[in-house]
Amino acid sequence: FPTDIKKLDMMKKSSSDFIQEVLVKNELVKTIRIGSGKSCIFFNNKKNFCDIYENRPFDCRMFPFDISWIDGEYHWIIYTCNPVSDWSWTEEHIKKLEEDSQFSEIINEIVLFRLVTRNPNNNKESYAVLRKVNAEESKA
């Protein structure tokens with residue numbers, strides 16, 4: 001997202017060494033390159049740490065959550081091997097994400113976001129649906 005690219009630019013991490021453009025629905029979208037071993041280019045394997053952690057993109061800050069299009073609506077999900085667990089603890093974290101000033105940028109580009117991120121329905125990954133995305137508050 002543009003805010004994330006600006007942060008990376010300020011850190012001198014927005015060159016083609018770190019960012020690539022992919023075509024999504026006839027639109028060029030900037031994404032972080034994948035490093036060796038299919039991990040993020042910013043993940044430092046020697047330190048087992050993200051080199052840009054304090055300025056990581058919103059999508060990274062969402063982890064372990066994701067937004068997925070399910071039954072005609074956007075839902076918060078969490079990838080897990082135990083989808084029937086008690087996920088009540090997640091509400092506090094999801095609310096913080098929805099209250100984040102950058103969340104409106106995600107909502108404004110939600111269709112594009114959905115096309116670029118993983119789709120648990122296609123990947124057959126195990127996940128739990130937490131609740132519908134509250135997009136109204138972020139547009140205020």
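Hi everyone, one definition before we start: a residue is buried under 20% relative accessible area, exposed over 50%, and partly exposed in between, using a 1.4 Å probe and protein chains only. What we have here is a predicted model, where local features need pLDDT of at least 70, side-chain atom pairs count only at pLDDT 80 or more, and totals for chains, interfaces and linings use all residues. Residues are numbered from 1 along each chain as its sequence is written, and side-chain values use heavy atoms, with hydrogens and water left out.

Let's begin with the overall picture. The protein chain has seven helices and seven strands; these are DSSP runs, H or I of at least four residues for helices and E of at least two for strands, numbered from the N terminus. Along the sequence, the order is α-β-β-β-β-α-β-β-α-α-α-α-β-α.

Of the 140 residues in the protein chain, 36% are buried. Taking contacts (heavy atoms within 4.5 Å) with a separation of 6 or more, 64% join residues 24 or more positions apart.

Now, the cysteines. How many disulfides does the structure hold? Zero, where a disulfide is a pair of cysteine sulfur atoms within 2.5 Å. Cys40 is in no disulfide, and its nearest cysteine sulfur, that of Cys60, is 5.7 Å away. Why is there no bond from Cys60 to Cys40? Because the sulfur of Cys60 is 5.7 Å from that of Cys40, its closest cysteine sulfur, which is too far for a bond.

And are these two buried or partly exposed? Cys40 is partly exposed, at 30% relative accessible area, and Cys60 is partly exposed too, at 34% relative accessibility. Thanks, everyone!
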